[in-house]
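Here are a few exercises to work through with the model open beside you. Try each task on your own before reading the solution.

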Amino acid sequence: MSKITIRYFAAAAAAAGTEQETWDRPETLAQLRTQLIDAHGTEMAQVLRAGSFLVNGVVRRDAGELGPTGELTVDVLPPFAGG
């Protein structure tokens, strides 16, 4: 199984207790979301409810396939306040 790098920012980092992890790669973004909540609990669930993902720099709001195998970085972004 290939690996992914997961990077957390702001409230997502606080919920995860770290800024970065390396995990076995799930097949879909929905599976990753479930694994993140299972690993990091209700705080992460709250972040993910309104947050977003960047997969190799591309915003993803769907729950579909993560894409072809190979190096993959997923950024977990909390909702940001406008200013």
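Before we start, one definition: helices (H or I, at least four residues) and strands (E, at least two) are DSSP runs, numbered from the N terminus. Please keep in mind that this is a predicted model.

**Exercise 1. Two positive phi values**

Task: Find where Ala10 and Asn56 lie, and work out whether each is buried, partly exposed or exposed.

Solution:
- Step 1. Start with Ala10, which sits in the loop between S1 and H1. Its phi is positive, about 50°, although Ala10 is not a glycine.
- Step 2. Ala10 has a relative accessible area of 53%. The cut-off for exposed is over 50%, so Ala10 counts as exposed.
- Step 3. Move on to Asn56, in the loop between S3 and S4. Here too a residue other than glycine has a positive phi, near 50°. The hairpin of S3 and S4 has two residues between the strands.
- Step 4. With a relative accessible area of 45%, Asn56 is partly exposed.

**Exercise 2. The partners of S3**

Task: Which residues of strand S3 lie on each side, and how do S3 and S4 and S3 and S5 pair?

Solution:
- Step 1. Strand S3 covers residues 52–55. Ser52 and Leu54 are on one side, Phe53 and Val55 are on the other, and all of them are buried.
- Step 2. S4 (residues 58–60) pairs with S3 in the antiparallel sense over three bridges. Within this pairing, Leu54 faces Val59 as its opposite number in S4.
- Step 3. S5 (residues 73–77) is also antiparallel to S3, over four bridges. Phe53 stands opposite Val76, and Ser52 has Leu77 as its bridge partner in S5.
- Step 4. Look at what surrounds Phe53. Leaving aside neighbours within four places in sequence, its contacts include Leu29, Leu32, Leu36 and Leu48, as well as Val59, Val74 and Val76.

**Exercise 3. S5 between its neighbours**

Task: How many residues of S5 are buried, and in which sense do S1 and S5 run?

Solution:
- Step 1. Count along the strand: five of the five residues of S5 are buried.
- Step 2. Sort them by face. Thr73, Asp75 and Leu77 are on one side, with Val74 and Val76 on the other.
- Step 3. Turn to S1, which is joined to S5 by four bridges and runs parallel to S5. Thr5 stands opposite Thr73 in this pairing.
- Step 4. Now take Arg7, also in strand S1. The side chains of Arg7 and Asp75 make a polar contact at 2.6 Å. Beyond its neighbours within four places in sequence, Arg7 touches Glu19, Gln20, Thr73, Val74, Asp75 and Val76.
- Step 5. Check the accessibility of Arg7: its relative accessible area is 32%, so Arg7 is partly exposed.

**Exercise 4. A helix that spans less than expected**

Task: Where does helix H2 bend, and what covers its buried residues?

Solution:
- Step 1. H2 takes in residues 29–50. A straight helix of 22 residues would span 32 Å, but the end C-alpha atoms of H2 span only 15 Å.
- Step 2. Look for a bend: H2 turns by about 140° at Gly41.
- Step 3. List the buried residues of H2: Leu29, Leu32, Leu36, His40, Met44, Ala45, Val47 and Leu48. The elements covering them include S1, H1, S2, S3, S4 and S5.
- Step 4. Zoom in on His40. Its relative accessible area is 17%; buried means under 20%, so His40 is buried. The side chain of His40 makes a polar contact with that of Glu21 at 3.1 Å. Among the other contacts of His40 are Tyr8 and Trp23.

**Exercise 5. The nonpolar core**

Task: Which residues have the most contacts inside the largest nonpolar core, and which elements give two or more residues to this core?

Solution:
- Step 1. The largest nonpolar core has 20 residues, and Ile6, Tyr8, Leu32, Leu36, Met44, Phe53 and Val76 have the most contacts inside it.
- Step 2. Trace the contributors: S1, H1, H2, S3 and S5 each give two or more residues to this core.
- Step 3. Identify the main one: H2 provides the largest share, six residues.

Notes. Residues are numbered from 1 along each chain as its sequence is written. This is a predicted model: local features need pLDDT of at least 70, side-chain atom pairs count only at pLDDT 80 or more; totals for chains, interfaces and linings use all residues. Side-chain values use heavy atoms; hydrogens and water are left out. Buried means under 20% relative accessible area, exposed over 50%, partly exposed in between (1.4 Å probe, protein chains only). Two strands pair if DSSP finds at least two bridges between them. The expected span of a helix is 1.5 Å times one less than its number of residues. The bend at a residue is the angle between axes fitted to the seven residues ending there and the seven starting there. Contact means heavy atoms within 4.5 Å. A polar contact is a pair of N or O atoms within 3.5 Å; within protein, one must be able to donate a hydrogen and the other to accept it, and residues adjacent in sequence count only if both atoms are side-chain atoms. A nonpolar core is a set of buried Ala, Val, Leu, Ile, Met, Phe, Trp, Tyr and Cys residues joined through side-chain atoms within 4.5 Å.
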